[in-house]
Amino acid sequence: MTIHITEHNPPDNIVVPLLQNEALADQLSDLAIRSGQLASALQQDFRADAKETLLLYAQSAGPRFYLLGLGKKSAAPDLQNALRGFCHRNKSKLPLHLGVDLRHFPPADIPRLTDAAVAGMLLGLYDLGLYRTPDPAKPAPQFGSDKASLTILVPGAVLTESRKAAQRGETLARATLTILNFVNAAGNKKIPAQLAEWVRAAGEQAGFTVRVLQEEAIRNEKLELLWQVGKGSPHPPALIVLDYSPKKAAKNTPLIGLVGKGVTFDTGGVSLKPSANMHLMKSDMGGAAAVVGTFIAAAQLKLPVRLFGVIPAAENMIDGSALKPGDVVDSHAGKTIEVTDTDAEGRLILADAISWLLQQQSPEVLIDLATLTGSVIRALGYQAAGLFTANDDLADALARAGEACGERLWRMPLWDEYGADLKSDVADLRNYTGKPVAESISAAKFIEHFTASHPAWAHLDIAGTAFGDSEFAQSKSATGFGVRLLVEFIERWIGPRP
Ligand code: BES
Ligand code: MN
Ligand code: ZN
């Protein structure tokens, strides 16, 4: 599908997103004139409630309008969601060439809205049926096909900026679509070696390098925690290493380190999870997916930043050779860990990945993302990810980026008292406090022990935001959370530098 940003010559089918505000009545009379309808009738029938849609046929020749209500919310993430929903609901009926008219919005907002509109329409085309046998009787939707086009109508004054924004929106959406497939993939189709292959392919396509440490290298590098978590599975763990450098990297090009939890399936291990919702644990590599998506987008957007990413990938299984509760194991950082709960596996593999990353590189910011605890879902639900950092500037920068792009973060405390129960009688640390309170915070405190007191480390617990209910699926499915957030954060962080 091709994407055009123009001022004039709209296609014959145009989506008009409309806010419920003082301007609505005038906008509707204008649309009434353009389509030969009665203004008063239109004002009566369309209120611009969120998700309200009305199809306006032209009286004779002329464009057909799809009015789309936005309710009272006007920020870019709301437009993205509204268009994503519109596209998803109407996918099979949408014409080959479709426009989205944004010309009635305030000009200063239009580039960001263009980004959001392009992304929303592309994401709305996502097909969750990864393993469904194609039905020859059901024709593929026209809109979204190779011959199709999407035209965003913007005022001439912001045309250049909007074209750039559309590129960003398309890049972010395509990176997100790729990782939706990763996270929605079945556990048996994404064992660590397969995940590594996907990342390798993504790197080749987008332009970043990928190295994979397998069994032997993991042992040699003393990534003992990663090894121990993965050893109960016949599919060995892997450490996937991503490296992106812009073409014109200078000595002072900032370096950001990203770590993503890549548990390809989490049974809990010997501390076995209840079976009712266990199938959802195929999504326990949502952090890894966010990191990969960020690399794809950053490389395609040629962001002037260096990124170094580490994904510890393992399958947490129950088996005769699996790690047992009470086992004491070594770690890459040299600390000994008493594993009091094998289901608290994420913090173990993250500890090794972070420690290894800091041995290889000295990033100015270090961010890890993980579907780490059910506790963060009990605290924040599905609306925001938990943000843990001792660095106030970093906390602000991340939270603001999240607010701007609609992938929200909420800061949680990291007071030392929360880590007190991680003391072990027999080893340097234990991985579970034994108390079912504030588990997302004690998990963050555990990881903190392996960050070598990095001054700008942040941990994002995305257990609630990476995989959830939506209007796009019957049951929980991937959200792509983290890609837009991290790209937004990186752009702002490297932006105006002294
Ligand atoms: N992958 C889970 C966390 C999770 C739970 C993600 C629900 C998404 C939805 C993690 O490995 C885990 O099992 N955490 C335990 C920690 C506990 C043993 C301290 C949990 O949250 O119950
Ligand atoms: Mn677990
Ligand atoms: Zn897990």
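Me: Which protein atoms are the donors of the manganese ion (ligand 2), and how far from it do they lie?

Reply: This is a predicted model, and in it the donors are D266 (OD), D343 (O), D343 (OD) and E345 (OE), lying 2.1 to 2.2 Å from the manganese ion (ligand 2). To count as a donor, an N, O or S atom has to be within 2.8 Å of the metal, so these atoms pass.

Me: What makes the arrangement around the manganese ion (ligand 2) irregular?

Reply: Look at the angles. Six donors are called octahedral if opposite ones are over 155 degrees apart and all others lie between 65 and 115. Around the manganese ion (ligand 2) the 6 donor atoms subtend angles of 70 to 169°, and the arrangement comes out as irregular.

Me: And what makes the arrangement around the zinc ion (ligand 3) octahedral?

Reply: There the 6 donor atoms subtend angles of 79 to 175°, which makes the arrangement octahedral. The protein donors of that zinc ion are K261 (NZ), D266 (OD), D284 (OD) and E345 (OE), at 2.0 to 2.4 Å from it.

Me: Why is D266 said to bridge the manganese ion (ligand 2) and the zinc ion (ligand 3)?

Reply: Because D266 coordinates both of them; the two ions lie 3.1 Å apart. D266 sits in strand β10 and E345 in the loop between β13 (337–338) and α10 (346–360), so the pair ties together parts that are 79 residues apart in sequence.

Me: How do you know that D266 and E345 are buried?

Reply: Buried means under 20% relative accessible area. D266 has 3% and E345 has 1%, so both make the cut.

Me: Why is N9 called exposed?

Reply: The bar for exposed is over 50%. N9 has 70% relative accessibility, so N9 counts as exposed. You'll find N9 in the loop between β1 (2–6) and β2 (13–18).

Me: What makes the phi of N9 worth a look?

Reply: Most residues other than glycine have a negative phi. The phi of N9 is near 50°, a positive value in a residue that isn't glycine. S453 also has a positive phi, near 50°, and S453 lies in the loop between α13 (439–448) and β18 (457–461).

Me: Why is V270 only called partly exposed?

Reply: Partly exposed covers the range between 20% and 50%. V270 has a relative accessible area of 35%, so that's where V270 lands. Together with L272 and I318, V270 makes a nonpolar surface patch of about 240 Å². Patch residues need over 30%, and V270 has that with its 35%.

Key:
Residues are numbered from 1 along each chain as its sequence is written. Chains are lettered from A and ligands numbered from 1 in the order in which they are written. This is a predicted model: local features need pLDDT of at least 70, side-chain atom pairs count only at pLDDT 80 or more; totals for chains, interfaces and linings use all residues. Side-chain values use heavy atoms; hydrogens and water are left out. Patches are made of residues with over 30% relative accessible area and no salt bridge: like charges are joined within 9 Å, nonpolar side chains (Val, Leu, Ile, Met, Phe, Trp, Tyr) within 5 Å. Accessible areas come from the Shrake-Rupley method with a 1.4 Å probe; for residues, only the protein chains shown count as cover. A salt bridge is a side-chain nitrogen of Lys or Arg within 4 Å of a carboxyl oxygen of Asp or Glu. Buried means under 20% relative accessible area, exposed over 50%, partly exposed in between (1.4 Å probe, protein chains only). Donors are N, O and S atoms within 2.8 Å of the metal (3.2 Å for Na, K and Ca); water is not among the atoms, so sites may look incomplete. Four donors count as tetrahedral if all angles lie between 85 and 135 degrees; four count as square planar and six as octahedral if opposite donors are over 155 degrees apart and all others between 65 and 115; anything else is irregular. Helices (H or I, at least four residues) and strands (E, at least two) are DSSP runs, numbered from the N terminus.
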